[in-house]
Amino acid sequence: MTTDSTETVFGMEQVRRARFAVAAVFAVHGAVTGSFATRVPWIQDHAGVSAGQLGLALAFPAIGASLAMPLAGAISHRFGARTALRGLLALWTLALILPALAPNLLTLCAALFVYGASAGMSDVAMNALGVEVENRLDKSIMSGLHGMWSVGALVGSAAGTVAAHLGSDGRLHHTIAALVLTALGLIACQGVLDLRSEPDEEPPPRFTLPPKSALVIGAVGFCAVFAEGASLDWSAVYLRDIMDTSAGLAAASTTAFALTMAVARIAGDKVVDRFGAVRTVRVGGVLASAGGLLVVASPNAVLAMCGFGLLGLGIAVVVPLAFAAAGRSGPNPSRAIAGVATITYTSGLIAPSAIGSLAEATSLVVSFGLVTVLAFGLVLGAGVLRAGDRRAVSSSQAAAPSAAAAEPRP
């Protein structure tokens with residue numbers, strides 16, 4: 001990828017502005033998710049679907065995302081990174097309107113499929129641009145960008161909570177939210193890097209299997225997202241059923257977990273710059289494993305909540321670093337990022353149901369034993385993120401001239 005014809009070299013000031021622009025894009029993307037999540041009960045009532053039917057419908061965002069994400073690279077190649085992101089982000093923000101309009105199960109599934117497809121394509125496009133800005137700045141920013149996504153999700157969910165408390169119509173709420181977020185997204189996209197393909201560059205295939213490098217990196221992301229999805233969806237149930245806490249305290253544990261993730265991601269870049277991606281994920285895996293053990297073995301609610309906090313702290317930076325590693329693992333960053341995103345979306349899809357099925361067959365304690373085992377997988381698999389470790393890349397590049405100088409010349 002190269003810049004457009006009017007500009008061949010980006011000044012550092014422009015790259016810094018692009019960093020803030022792409023951070024705003026991440027926040028807008030997260031705000032859509034937060035806005036949707038708070039009105040799911042209203043959407044269920046409006047569509048007249050049962051809990052089981054709602055569970056079926058909620059699988060369609062991940063299905064749509066997984067099928068559509070490989071298209072993001074071809075769209076960016078055709079239109080340029082900035083134009084592609086502008087269009088895909090607008091498609092995502094406006095797709096927020098669709099689920100609230102659905103009058104029945106069939107239309108709800110279709111709406112959520114479009115909602116997920118637009119989410120996945122814009123996700124790939126913004127992560128690819130985030131990796132490019134990180135490369136140009138030569139310092140870690142991906143964790144902070146994902147932290148901004150979490151902040152956006154918290155803001156969107158807070159606004160949605162107020163709307164639900166006031167008893168507002170979900171269609172009106174999501175229409176207003178979509179229009180506001182579309183406007184903010186279009187403004188933010190003005191500042192991102194406008195990367196364009198070389199005229200003779202081969203366009204990426206529209207649909208293709210993810211490269212092998214994305215599969216191994218995605219496996220690490222799978223472990224982290226599984227633990228995240230399990231904790232977000234089941235921590236409150238765990239405290240209520242296993243620890244016998246009040247509904248209010250149980251709900252507070254989920255909010256605390258989400259806040260821990262957001263704060264850790266925002267602060268994570270400095271840690272990654274100091275210790276490198278591989279060491280950071282290994283230590284995070286140790287913390288997450290200790291948190292899982294604390295949840296499983298805890299005799300009271302306070303220690304269990306501390307365990308969920310450690311889980312969130314340990315896994316917070318893994319997905320951003322997985323995207324960064326994918327973006328540097330081969331000649332086609334969008335394809336690799338799409339592969340990792342597909343695996344992590346799949347993990348997020350199956351985690352809640354897998355935890356529930358295992359809990360029904362055994363217990364929630366056993367289910368979080370599985371989460372603990374997967375968290376320890378981060379310790380074992382952290383080495384595959386070396387492609388995203390700028391410290392290791394910089395060291396190898398610095399060593400290369402010395403090695404070349406030592407070679408005998410003819």
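Where is the place of Leu184? The answer opens the legends below, which describe close-up views of a predicted model.

**View 1. Leu184 and a nonpolar surface patch.** Leu184 has its place in helix α10, which covers residues 170–189. Its relative accessible area is 44%. That value makes Leu184 partly exposed, because the class lies between under 20% for buried and over 50% for exposed. Leu184 shares a nonpolar surface patch with Leu172, Ile176, Val180 and Ile187. The patch measures about 480 Å².

**View 2. Phe36 against Tyr115, an aromatic pair.** The count of aromatic pairs comes to six. In the pair of Phe36 and Tyr115, the ring centres are 4.8 Å apart. Their planes meet at 40°, so the pair is tilted. Phe36 lies in helix α1 (residues 12–38), and Tyr115 lies in helix α8 (residues 105–137). The pair therefore ties together parts that are 79 residues apart in sequence. Phe36 counts as buried, at 8% relative accessibility. Tyr115 is also buried, with a relative accessible area of 5%.

**View 3. Trp92 against Tyr115, and the aromatic cluster.** Trp92 and Tyr115 form a tilted aromatic pair. Centre to centre, the rings are 4.6 Å apart, with 50° between the planes. Trp92 sits in helix α6 (residues 81–95), and Tyr115 in helix α8. The two residues are 23 apart, and their pair links distant parts of the chain. At 1% relative accessibility, Trp92 counts as buried, because the cut-off is under 20%. Phe36, Trp92 and Tyr115 together form one aromatic cluster.

**View 4. Arg78 over the ring of Phe79.** The charged end of Arg78 sits over this ring. Its distance from the ring centre is 4.9 Å.

**View 5. Arg274 over the ring of Phe275.** Here the charged end of Arg274 sits over the ring of Phe275. The distance to the ring centre is 4.9 Å. Phe275 also touches Thr280, the subject of the next view.

**View 6. Thr280 and its contacts.** Thr280 has its place in helix α13, residues 277–297. Is Thr280 buried or exposed? Thr280 is buried: its relative accessible area is 11%, and the class requires a value under 20%. Which residues does Thr280 touch, not counting those up to four places away in sequence? They are Val271, Val272, Phe275 and Val317.

Note on methods. Residues are numbered from 1 along each chain as its sequence is written. This is a predicted model: local features need pLDDT of at least 70, side-chain atom pairs count only at pLDDT 80 or more; totals for chains, interfaces and linings use all residues. Side-chain values use heavy atoms; hydrogens and water are left out. Patches are made of residues with over 30% relative accessible area and no salt bridge: like charges are joined within 9 Å, nonpolar side chains (Val, Leu, Ile, Met, Phe, Trp, Tyr) within 5 Å. Accessible areas come from the Shrake-Rupley method with a 1.4 Å probe; for residues, only the protein chains shown count as cover. A salt bridge is a side-chain nitrogen of Lys or Arg within 4 Å of a carboxyl oxygen of Asp or Glu. Helices (H or I, at least four residues) and strands (E, at least two) are DSSP runs, numbered from the N terminus. Buried means under 20% relative accessible area, exposed over 50%, partly exposed in between (1.4 Å probe, protein chains only). Rings of Phe, Tyr and Trp (its six-membered ring) pair if their centres lie within 6.5 Å; planes under 30 degrees apart count as stacked, over 60 as edge-to-face and the rest as tilted. A charge sits over a ring if NZ of Lys or CZ of Arg is within 6 Å of the ring centre and within 35 degrees of the ring normal. Contact means heavy atoms within 4.5 Å.
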